[in-house]
Amino acid sequence: MNIPLILVIEDEQALRENIVEIILHYGFRVISAPSGEDGINLALQQTPDIIICDIMLPGMDGFD
């Protein structure tokens, strides 16, 4: 069985860590990034099944 990979993009470290912990608790694989730019790089390298992205990010925001 292929366990889905979830990418979390969130600039607030504590919130990002909490989201990752919750996702891991439910048995999913998860990667995370602190910025939109880092998130795009991770998405290109690892091809996540789902991306959870904050909208209000510094620099490249969630809409970009």
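This passage goes through the fold, the sheet, the nonpolar cores and two individual residues of a predicted model.

Starting with the overall layout, the chain holds two helices and three strands, and from the N terminus on these elements follow one another as β-α-β-α-β. The radius of gyration comes out at 11 Å, close to the 11 Å that the globule rule gives for 64 residues, so the chain is as compact as a globular protein of that length. Along the principal axes, the C-alpha trace spans about 35 × 25 × 15 Å. As for the surface, the chain exposes about 4,400 Å², with carbon and sulfur atoms supplying 57% of that area. Of the 64 residues, 30% count as buried. Sequence separation is worth a look too: take the contacts between residues at least 6 apart in sequence, and 58% of them join residues at least 24 apart.

Next comes the sheet. The three strands make an open sheet in the order 2-1-3, and the pairing is parallel. Strand 2 and strand 3 (50-53) sit at the edges with a single partner strand each, so one side of each has no neighbour in the sheet. From one strand to the next, the twist averages 20 degrees. Strand 1 and strand 3 run parallel and are joined by four bridges; across this pair, Ile-6 stands opposite Ile-50 in strand 3. Helix 1 (residues 13-25) packs on the sheet and touches strand 1, strand 2 and strand 3, its direction making about 170 degrees with that of strand 2.

On to the nonpolar side chains. In soluble globular proteins, such side chains tend to be buried together. In this model, the largest nonpolar core has seven residues: Leu-5, Leu-7, Ile-9, Ile-31, Ala-33, Leu-42 and Leu-57. The elements giving two or more residues to this core are strand 1 (5-9) and strand 2 (29-33), and strand 1 provides the largest share, three residues. A second core, separate from that one, has five residues, among them Val-8, Val-20, Ile-23 and Val-30. Back in the largest core, Ile-9 has a long contact list once residues up to four places away in sequence are set aside: Ala-33, Ser-35, Gly-36, Gly-39, Ile-51, Ile-52, Cys-53, Asp-54 and Leu-57. Two of these partners, Ala-33 and Leu-57, are themselves members of the largest core.

Ile-6 deserves a separate mention. This residue lies in strand 1 and has 6% relative accessibility; the cut-off for buried is under 20%, so Ile-6 counts as buried. Leaving out neighbours within four places in sequence, Ile-6 is in contact with Ile-23, Phe-28, Arg-29, Val-30, Ile-31, Ile-50 and Ile-52. Ile-23 and Val-30 in that list belong to the second core, while Ile-31 belongs to the largest one. Ser-32 is 26 residues away from Ile-6 in sequence, yet the two C-alpha atoms are 8.3 Å apart in space.

Thr-47 makes a handy contrast. This residue sits in the loop between helix 2 (36-46) and strand 3. With 59% relative accessibility, against a cut-off of over 50%, Thr-47 counts as exposed. The backbone is the other point to note here: phi of Thr-47 is near 50 degrees, a positive value in a residue other than glycine.

Methods:
Residues are numbered from 1 along each chain as its sequence is written. This is a predicted model: local features need pLDDT of at least 70, side-chain atom pairs count only at pLDDT 80 or more; totals for chains, interfaces and linings use all residues. Side-chain values use heavy atoms; hydrogens and water are left out. The radius of gyration is taken over C-alpha atoms; the globule rule is 2.2 Å times the number of residues to the power 0.38. Buried means under 20% relative accessible area, exposed over 50%, partly exposed in between (1.4 Å probe, protein chains only). Contact means heavy atoms within 4.5 Å. Accessible areas come from the Shrake-Rupley method with a 1.4 Å probe; for residues, only the protein chains shown count as cover. A nonpolar core is a set of buried Ala, Val, Leu, Ile, Met, Phe, Trp, Tyr and Cys residues joined through side-chain atoms within 4.5 Å. Two strands pair if DSSP finds at least two bridges between them. Axes are lines fitted to C-alpha atoms, for helices over the stretch in contact, and angles run from 0 to 180 degrees between N-to-C directions.
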